[in-house]
Amino acid sequence: MSKELNEVKIGIIGLGYVGLPLAVEFAKKYPTIGFDIDSKRVGELNAGKDKTLEVEDDLLSSVTVTEFSEKNPKGLLPTSLSADLADCTVYIVTVPTPTDKHNRPVLTPMLKASENIAQYLKRGDVVIYESTVYPGVTEDECVPLLEKVSGLKFNEDFFAGYSPERINPGDKEHTVAKILKVTSGSTPEIAEFVDQLYRTVITAGTYKASSIKVAEAAKVIENSQRDINIAFVNELSKIFNLLGIDTNEVLEAAGTKWNFLKFKPGLVGGHCIGVDPFYLAQKAQEMGYHPEIILAGRRLNDSMGKHVATEVIKLMMRKDLKVIDAHVLILGFTFKEDCPDVRNTRVIDIYQELKTYDINVDVYDPWANPIEVRHEYGIDILSGTNVPNLTDYSAIILAVAHKEFASLEIQKSDSQVVFDVKGILDKKLIDARL
């Protein structure tokens, strides 16, 4: 096994939030090709810049190389030329797995990546998938494509593995190497090889699942479980609001019991919790089972943006503030705090619901890229370090708990409503929170 590991050359397909941190870890020990179809992204990485802010510039620069040699046998070579993957022995797929507008899984990036790899596949190569999928995608969807394009036979000429990503965007404590990694392989020998390979870079250790399907299922239920638990406390927040009880105070009291699960209400977006449950639901429906709790949780969590907007409107009316043509400020647009990722952010739901009341809505987020927001959502936001004048607005909605917002002088008044979605402000300063 050690001999095989010494001969490894790794190809990472997809250099986003998942692929880049993983590629950097592997590059410390192995020659690693980082491939991405976005040539602009590759150019930035070669210049030592990561716009996702997952990898520090100094660290990125320290592992980046332009070529491999006897003198320089390891490192990360970012490229947008797929031919550079030709002599890799282990391919790791870390492309996005989104859903379409009908919440159906979109496997196109994974299938395209598989086609790309297949043209370079050789005897003895191993293809490992990290992208979140429903059980069966690796062996039932990707492997047949690998066989078809390469002309090689699965588990005789080449092999497969699945090791679900566990990246937490913006989290500088739980980085890729510090999170225990689930691994699996298409044969017992390959499962051991994949496990040993990851163990060389994952300091937190590994857990070898009994099969690829078990590893796929484990990943998809991790986020489904979180989604359902958050949906429960979101429903509680709606009930307690009607009862005039503060949800956070209830949760703090209940949290004194040793086995109470401490989840908080909020907007559930991003490319994991807000997406992954649909993958499991889709597969369940294909098998003739209609998942009730999973889809109910999704519906409830997706309703929270509209709920926040409606509550703000009610509070404005109670203060006799004009609603139509009013000016409202939303603080934060990314899907979570201290992170530039705007994929599947549910803050857009608050924005769109407020616009139905003919309200003038400004969004300020120092972390979000205005060009990316314009491209993805068709709206213009305020960014940079210049905070808008808070007194210009009839309502302020703190939607994302960026560290910059904690020091802002926000306080409710007779002429201004303050709604704290994240529950980070002093209760005395706000009108309401989830």
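## A walk through the chain, strand by strand

Start by selecting strand β5, residues 126-129: V126 and I128 point one way, V127 and Y129 point the other way, and all of them are buried. If you wonder about that back-and-forth, side chains in a regular strand alternate between the two faces of the sheet. Keep in mind as you click around that this is a predicted model.

Leave β5 on screen and add strand β4, residues 90-93. The two run parallel and are joined by four bridges. For a close-up, show I92 as sticks; standing opposite is I128 in β5.

**Zoom out for a moment**

Now show the whole chain as a cartoon. You should be able to pick out 14 helices and 13 strands. Turn the model around: the C-alpha trace spans about 75 × 50 × 40 Å along its principal axes. Is the chain's radius of gyration in line with a compact globule? What to expect for 434 residues is a value near 22 Å, and the chain has 24 Å, which agrees.

Switch on a surface if you like. The accessible surface comes to about 20,100 Å², with 52% of that belonging to carbon and sulfur atoms. Of the 434 residues, 54% count as buried. Colour by charge next: there are 49 positive and 63 negative charges, and their mean positions lie 2 Å apart. As for contacts, take those between residues at least 6 apart in sequence: 69% of them join residues at least 24 apart.

**The five-stranded sheet**

Next, select β9 to β13. These five strands form an open sheet with parallel pairing, in the order β10-β9-β11-β12-β13. The edges are β10 (360-364) and β13 (432-433); each has a single partner strand, so one side of each is left without a neighbour in the sheet. What holds such strands together? Strands of a sheet pair through backbone hydrogen bonds, either parallel or antiparallel.

Centre the view on β9, residues 327-331. Four of its five residues are buried, so β9 is largely enclosed by the rest of the structure. Look to one partner, β11 (residues 395-398): the pairing is parallel, over four bridges, and I330 stands opposite I397 in β11. Then look to β10, which pairs with β9 in the parallel sense over five bridges. Here, pick H327 and find its bridge partner in β10, N360.

**Two single residues to finish**

Select D157, in the loop between α6 (137-150) and β6 (159-162). Buried or exposed? The relative accessible area of D157 is 12%, and buried means under 20%, so D157 is buried. Show what surrounds this residue: leaving out residues up to four places away in sequence, D157 touches K122, R123, G124, D125 and L152. Add L121 as well; D157 and L121 are 36 residues apart in sequence, yet their C-alpha atoms are 9.2 Å apart in space.

Last stop: N46, in helix α3 (residues 39-46). With a relative accessibility of 40%, N46 counts as partly exposed. Which residues does N46 contact, setting aside neighbours within four places in sequence? Display T64 and P78 and you have them. Finally, draw a distance from N46 to T79: they are 33 residues apart in sequence and 8.5 Å apart in space, C-alpha to C-alpha.

Conventions: Residues numbered from 1 in each chain as written. Predicted model: local features only at pLDDT ≥ 70, side-chain atom pairs only at ≥ 80, totals over all residues. Heavy atoms only, no water. Rg over C-alpha atoms; globule rule 2.2 N^0.38 Å. Buried < 20%, exposed > 50% of the residue type's maximum accessible area, 1.4 Å probe, protein only. Contact = heavy atoms within 4.5 Å. Areas by Shrake-Rupley, 256 points an atom, 1.4 Å probe, with all protein chains shown as cover. Lys, Arg positive; Asp, Glu negative; His and termini not counted. Charge placed at Lys NZ, Arg CZ, Asp CG, Glu CD. Pairing = 2+ DSSP bridges.
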